[in-house]
Amino acid sequence: MAISFKYWNECVEPCDLEDMWNNNEVSTEWLNAGEARGHKVHLSRDPDGQPYLTQVEMRAVAGIVIGRHFDSHIDLDMICAIAELGSDRQPLAARYDKKMKETTVGIMQVLPKNADWLAGDLGYQAYEIQGNHNLLYRPFVNVYFGIAYLKWLSNYESKGRSEEFVVRAYKGGVKRATHKSTLPYWRRYLSVKESFPSRKGNQDAPAVSKLSLLARPELQAAEGGFVYWDSKTSPEDMDDMWNHPNIVKEWIKSGEKRGKVRFSHNEEKRPYLSRQELEAVAEIILFKHFSTRNVKPAVLCALADIVSLRFVNGSGERIGIMGINYPTATWLYKDLGYKAYKVDSAEDLTRPFVSMYFGAAYLAWLSEYEGRERSPEFVVQAYLSGPKNVTYQEAGPLWLKFEEALSNYGHTKKEQGSCSVL
């Protein structure tokens with residue numbers, strides 16, 4: 001029977017839940033989300049229905065586990081970054097590694113055999129894991145064994161090890177800690193870790209971090225429970241939106257006023273763009289910044305439909321309407337010179353114009369990947385799954401999914417004998 005959690009109460013002990021409530025940041029986040037002491041606490045869920053921990057919850061779990069079971073200094077940001085990369089903070093995540101022919105599970109992507117070894121040989125027996133590997137799907141249990149393994153790696157062969165060695169060994173094993181195969185993971189780890197907001201000087205303020213806002217978009221809502229366009233868009237871009245004929249009609253009809261334009265919100269109070277708003281943003285970005293590139297607005301809109309469902313904050317592990325992550329945006333900005341918008345943190349990518357701009361830049365780069373002109377099928381698949389993962393079979397599933405999304409934006413027509421989308 002498949003494991004499923006709906007509430008925190010189903011995957012933690014009562015003492016764990018009490019310690020979570022006693023954490024100022026967690027209690028503030030939960031109360032703002034409508035939770036109450038003495039009642040079941042809902043786990044956040046992504047659009048696919050998968051439960052996940054917010055950044056605030058993740059940091060609290062790690063801190064509680066360290067305080068209970070580990071006397072040495074442990075870097076909380078290291079734990080949170082590994083959880084971010086490994087599972088997107090999803091307690092039910094399970095990934096099969098083809099090379100190792102093994103499955104890692106839970107928030108910290110722990111190997112069950114490693115948990116058995118840590119418990120049996122090294123004495124980490126706070127939880128009776130042997131013969132009951134389903135416990136690894138519980139946040140406190142998984143984080144406990146993840147930290148235990150990190151501690152062992154930090155003193156591998158009785159030598160104090162660097163952060164880079166520990167992180168790369170955690171990903172690929174000690175034999176690959178200095179191998180080129182784990183170097184990309186280390187770089188992603190650094191980018192994720194650097195994107196965490198500093199908590200120095202804020203010990204007395206029970207504030208929600210920037211990245212936790214991405215995890216629970218409803219906490220960004222302003223008065224009346226709404227998120228406003230004006231809070232996520234520059235005055236210049238807002239003027240362009242008001243000057244767009246389709247948008248001015250839509251907004252006036254909805255009763256919006258200059259300086260206070262609401263995003264549409266779904267039943268869970270998640271802000272999203274209407275299709276007309278999405279098209280307008282794409283048209284404005286392409287006209288102002290990509291006029292020499294033959295990219296059609298409908299292409300960007302269809303990609304946004306697939307990767308984010310048009311949610312302002314993104315969907316799942318993808319940030320913003322175009323699903324561009326912070327490391328990719330930083331690379332486009334610094335290395336390729338796309339500097340019309342600046343990204344100082346992952347939160348900047350929840351701004352529709354910023355996300356659309358870097359989405360268009362990435363699409364333009366993919367269209368000439370490795371110095372040669374690429375087909376629309378390649379570009380779309382590369383955008384969705386990475387250029388190294390493109391399959392060349394005719395009408396692959398990603399391409400078919402894209403064509404279906406494209407049909408929602410009836411401005412792109414196929415030319416005879418070709419598929420003219422780029």
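**Helix packing and salt bridges in a predicted model**

Biologist: Which residues are linked in a network of salt bridges?

Modeller: The structure is a predicted model, and it holds 22 salt bridges. One network of such bridges links four residues, namely Glu236, Asp237, Asp240 and Lys288.

Biologist: At roughly what angle do the axes of helix α4 and helix α8 cross?

Modeller: Helix α4 covers residues 76–87 and helix α8 covers residues 183–195. Their crossing is right-handed. The two axes come within 9 Å, and the angle at which they cross is roughly 115 degrees.

Biologist: How do the residues of the contact of α4 with α8 divide into nonpolar, polar and charged?

Modeller: On the α4 side the contact is made by Asp77, Met78, Ala81, Ile82, Glu84 and Leu85. Helix α8 contributes Tyr185, Arg188, Tyr189, Val192 and Lys193. The division is 7 nonpolar, no polar and 4 charged.

Biologist: Lys193 forms a salt bridge with Glu163; is Lys193 buried or exposed?

Modeller: The closest N and O atoms of this pair are 2.6 Å apart. The bridge links distant parts of the chain, with Lys193 in helix α8 and Glu163 in helix α7, 30 residues apart. Glu163 is partly exposed at 30%. The relative accessible area of Lys193 is 18%, and because the cut-off is under 20%, Lys193 counts as buried.

Biologist: Where does Arg37, which meets Glu18 in a salt bridge, lie in the chain?

Modeller: The N to O distance of this bridge is 3.3 Å. Glu18 is partly exposed at 37% relative accessibility, and Arg37 is partly exposed at 45%. Glu18 belongs to helix α1, whereas Arg37, 19 residues apart from Glu18, lies in the loop between α2 and β1.

How values were computed. Residues numbered from 1 in each chain as written. Predicted model: local features only at pLDDT ≥ 70, side-chain atom pairs only at ≥ 80, totals over all residues. Heavy atoms only, no water. Axes fitted to C-alpha atoms, helices over the stretch in contact; angles between N-to-C directions. Helix = DSSP H or I, 4+ residues; strand = E, 2+ residues; numbered from the N terminus. Left-handed = near helix turned anticlockwise from the far one by under 90°. Contact = heavy atoms within 4.5 Å. Nonpolar A, V, L, I, M, F, W, Y, C, P; charged D, E, K, R; others polar. Salt bridge = Lys/Arg side-chain N within 4 Å of Asp/Glu carboxyl O. Buried < 20%, exposed > 50% of the residue type's maximum accessible area, 1.4 Å probe, protein only.
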